[in-house]
Amino acid sequence: MYDNWEELENSIVNCKKCKLCNNRKNIVFGTGKKDADLMFIGEGPGADEDIQGIPFVGKAGKLMNMAFDGIGIDREQVYIANIVKCRPPGNRNPEDDEAVACLDYLRNQVMLVKPKIIVLLGSVALKNILGKEYGITQSRGKWIEKKGILYMPTWHPAALLRDDNKKIEFWQDLKQVKQKMQL
């Protein structure tokens, strides 16, 4: 574990811990306020993220930004990362070995950020952070506390692009997060 951002970021630059490194254009490390009270964790970069090296800049990210704007969450005041730092081919879910290869990087990011609340975006983030026994449908919208951090599992913004009905629940979940941040 690294106790500063520079060493952590340098440690990942030439990462070859899993096969995802073979096709990446950029490592998508994370973005935002490095001491944020609120952190968002997704599953992995898509094509736009791979090109730009920044998480959540594609269609799903634009939708998430619209929700942030509507609820009053400033993207510059949160930290955003993913389970894996390289794009899975065809935007498939990361495989277990790929997630395991990257989890120490993410754990180190969480340790450095020290967030009070982590929003888990989708099933992959939920299962890799809180455990395989959790399901997104059952856990979504319910606060889970572990080791002094509050977790809010919700839909991944990409799921909202496929199912408009999930947008309302996503909005409600983010409103809960915003309310909790104001307490």
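In this predicted model, one helix pair deserves a first look: Leu 63, Met 64, Ala 67, Phe 68, Gly 70 and Ile 71 of H3 touch Lys 167, Phe 170, Trp 171, Leu 174, Lys 175 and Lys 178 of H8. By class, this contact brings together eight nonpolar residues, one polar residue and three charged ones.

How do the two helices sit against each other? Helix H3 spans residues 59-71 and helix H8 spans residues 165-182; they pack at an angle of about 50°, and their axes are 10 Å apart. Angles under 35 degrees would count as roughly parallel and those from 65 to 115 as roughly perpendicular, and H3 and H8 are therefore oblique to each other. Their crossing is right-handed.

Let us turn to the empty spaces. Here they are side by side.

| Space | Volume | Classes of lining residues |
|---|---|---|
| Largest pocket | about 550 Å³ | twelve nonpolar, ten polar, seven charged |
| Second largest pocket | about 360 Å³ | ten nonpolar, one polar, three charged |
| Largest cavity | about 60 Å³ | eight nonpolar, no polar, three charged |

The largest pocket has a volume of about 550 Å³. Its lining counts 29 residues, and Glu 43, Ala 60, Asn 91, His 156 and Ala 158 are the closest to its centre. Helix H3 appears again here: along with helix H2 (47-52), helix H5 (123-130) and helix H7 (157-162), H3 gives two or more residues to this lining. Which element supplies the largest share of the lining of the largest pocket? That is H7, with four residues.

The second largest pocket holds about 360 Å³ of space. Among its 14 lining residues, Arg 107, Val 110, Ile 129, Lys 147 and Tyr 151 lie nearest the centre. Two or more residues each come from helix H4 (96-113), H5 and strand S6 (149-154). Helix H4 gives five residues, the largest share of this lining. You may notice that H5 helps to line the largest pocket as well as the second largest pocket.

Finally, how many cavities of 30 Å³ or more does the structure hold? There is one, and the largest cavity contains about 60 Å³ of space. Its lining includes the cysteines Cys 15, Cys 18, Cys 21, Cys 86 and Cys 102. Ile 12, Leu 20 and Ile 27 also line this cavity, as do Lys 17, Arg 24 and Lys 85. No polar residue is found in that lining, which divides into eight nonpolar and three charged residues.

Note on methods. Residues numbered from 1 in each chain as written. Predicted model: local features only at pLDDT ≥ 70, side-chain atom pairs only at ≥ 80, totals over all residues. Heavy atoms only, no water. Axes fitted to C-alpha atoms, helices over the stretch in contact; angles between N-to-C directions. Parallel < 35°, antiparallel > 145°, perpendicular 65-115°, else oblique. Left-handed = near helix turned anticlockwise from the far one by under 90°. Contact = heavy atoms within 4.5 Å. Nonpolar A, V, L, I, M, F, W, Y, C, P; charged D, E, K, R; others polar. 1 Å grid on protein atoms, 1.4 Å probe; cavity = no way out; pocket = protein on both sides within 12 Å on 5 of 7 lines; lining within 4 Å. Points joined across faces, edges and corners; volume = space filled by probe spheres on them.
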